[in-house]
Amino acid sequence: MPDQTYKIEIKRDLRPSYYDKFHCLAEGCRISCCKGWQIAFNKKDYLSLKRQKASPELAERIARGIHRNKKQSNSENTYAEFSLESGGCPLLHETGLCQLQLAKGHSALPEVCQVFPRGQGGSISNYIERFLSTGCEGVLELLWKEPEGISFCSDPLNKDEEVTLIVRNPESFALYFQRIRSWCIDMLQNRKYPLPERIMRMGTALKYLVDGEKDILHWLNDICPAIENQESMILNRSECDQMLRLFLGNNIMRLLKVSERWTSDLTAIREDILRSFVISPENDGYVNAKFSTDLWISARKKFETQFEDREYFMENLMVSLLYQLKIPFVSSANAIWDSFVNFCNIYSFHRFMAVMSCREGSPADKNALFDSIIFASRSLLHNKGRQEIFKDELITNSSATLAHMAVLLSN
């Protein structure tokens, strides 16, 4: 049978309403994108940096500050990287600004530095989708200031931005991606239920597609409304606490595995949380199973008191992440479920880090919360390989079930 192709003419953009409000905090940023993680770029930017005509001091900084990344597994966009100095880019000025940008202008920067935290790409949603990464303090500040939730806006593209996507042999539901995701976003913003329950209802609905439902209009018009109105499907606090050790064990293991070549305040957060649980990595990779849950319960109580009027912030965060990651993946039934499992993992880890911002010894304020969220986002969102590993672990252990997702969402 010959390939069936489907053309998608993309003539508009799609972006969250806060996208246009973003501006770099520059020297006012506490956790600069120039600190705390490895900054990689492509061959074109590497050669451009090597050929920069600059002052002797800047030229010397560039020469010692970039190097080829020769691992065979690296992609085109990780051809080279900055050699971190004390956890930061060697071109970072003490004022918090980039010396290369100060001397040569914005266009001299590698593309990753020019665009972060912005991102965009064509999508089967019929739009060029623009988003902002939650690994940036300025973006979290925007989410903090949207108590009514996230809306989206769209404008026509310039002619030179218009593109045509060719989809070959699409699954029947792939052509309904935008409507499927729109329902998921609406469900995430349905404040009739706590956020974990909204995610659980979203997963319950998606499971119908995974299990073979092909009539998308029936799914949208009949199945989804029925799931929205079902009786409670999330565990109560007592039941959640019974599963607390599973929830914490999963996220502590994640924390152990997200070590980076970092020397920064973000690494200090990780190490302090592990010390709080009296945990250190073992050679066999296992975690002390006797860690106390009292630390979490105390931090959770403080978190819920401290931020009781900011529950919308975590909602905004997860809507932003679902949109950025183009979840659910609709290339196949398995992809739908795998992407939902990944989303639950991401939520669970962000929730864990958010609550631990109120651990004993932490200031338990907005800055501490933002620092923890930035750590979680930079650890997972910008490392697709790690997302795959964590998701595959659940599948390998037969834990990628709706029941186990309830554990990830439970606390």
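Biologist: Let me start with one side chain: which residues does Phe 277 touch, not counting residues up to four places away in sequence?

Modeller: In this predicted model, Phe 277 touches Leu 248, Ile 252, Phe 291, Ser 292, Leu 295, Phe 352 and Met 356, with residues up to four places away in sequence left out of the list.

Biologist: Where is Phe 277 found, and is Phe 277 buried or exposed?

Modeller: Phe 277 sits in the loop between α11 (265–276) and α12. Its relative accessible area is 4%, and because buried means under 20%, Phe 277 counts as buried. You can also follow the chain from there: Thr 293 is 16 residues away from Phe 277 in sequence, and their C-alpha atoms are 8.5 Å apart in space.

Biologist: Let me try that reading on a residue in a helix. What is Asn 250 in contact with, leaving aside its neighbours within four places in sequence?

Modeller: With those neighbours set aside, the contacts of Asn 250 are Asn 345, Leu 394 and Leu 408. Asn 250 belongs to helix α10, residues 244–257. Its relative accessible area is 12%, so Asn 250 is buried as well.

Biologist: How do I read empty space in a model?

Modeller: Rolling a probe the size of a water molecule over the atoms shows where empty space is left. A cavity is a place where the probe fits but cannot get out, whereas a pocket is open.

Biologist: How many cavities of 30 Å³ or more are there here?

Modeller: The count comes to one cavity of 30 Å³ or more. The largest cavity has a volume of about 50 Å³. Its lining is made of Arg 254, Asn 342, Asn 345, Ile 346, Phe 349, Leu 380, Gln 387 and Phe 390. You have already met one of these lining residues, Asn 345, as a contact of Asn 250.

Biologist: Which elements supply that lining, and what classes of residue does it hold?

Modeller: At least two residues each come from α14 and α16 (384–396), and α14 has the largest share, four residues. By class, the lining of the largest cavity has four nonpolar residues, three polar and one charged.

Biologist: And for an open space, what is the volume of the second largest pocket?

Modeller: The second largest pocket has a volume of about 660 Å³. Its lining has 26 residues, and Pro 194, Leu 195, Pro 196, Glu 304 and Arg 351 are the ones nearest its centre. Two or more lining residues come from each of α7 (195–210), α9 (237–242), α12 (294–306), α13 (311–324) and α14 (333–356). Among these, α13 gives the most, with five residues. The lining of this pocket divides into 14 nonpolar, three polar and nine charged residues.

Biologist: Now the strands, please. What is the order of the open sheet of three strands?

Modeller: Its order is β3-β5-β4, and the pairing is antiparallel. The strands at the edges, β3 (40–41) and β4 (66–68), each pair on one side only. Between β4 and β5 (residues 80–82) there are three bridges, and His 67 stands opposite Glu 81 in β5.

Biologist: Which helices should I look for beside those strands?

Modeller: Helix α1, residues 43–50, packs on the sheet and touches β3, β4 and β5, with its direction at about 135° to that of β4. Helix α2, residues 56–65, lies across β4 and β5 and runs at about 30° to β4.

Biologist: My last topic is the backbone. Which peptide bonds are cis?

Modeller: Two to look at are Phe 116 to Pro 117, cis with omega near 10°, and Ile 327 to Pro 328, cis with omega near 5°. Pro 117 is in the loop between α4 (111–115) and β6 (118–122), and Pro 328 is in the loop between α13 and α14.

Biologist: Where might I look for a positive phi in a residue other than glycine?

Modeller: Try Asn 126, with phi near 80°, in the loop between β6 and β7 (128–132). Then see Ala 364, with a positive phi of about 55°, in the loop between α14 and α15 (366–380). Asn 126 is partly exposed, with a relative accessible area of 40%, whereas Ala 364 counts as buried at 6% relative accessibility.

Conventions. Residues numbered from 1 in each chain as written. Predicted model: local features only at pLDDT ≥ 70, side-chain atom pairs only at ≥ 80, totals over all residues. Heavy atoms only, no water. 1 Å grid on protein atoms, 1.4 Å probe; cavity = no way out; pocket = protein on both sides within 12 Å on 5 of 7 lines; lining within 4 Å. Points joined across faces, edges and corners; volume = space filled by probe spheres on them. Nonpolar A, V, L, I, M, F, W, Y, C, P; charged D, E, K, R; others polar. Pairing = 2+ DSSP bridges. Contact = heavy atoms within 4.5 Å. Axes fitted to C-alpha atoms, helices over the stretch in contact; angles between N-to-C directions. Buried < 20%, exposed > 50% of the residue type's maximum accessible area, 1.4 Å probe, protein only.
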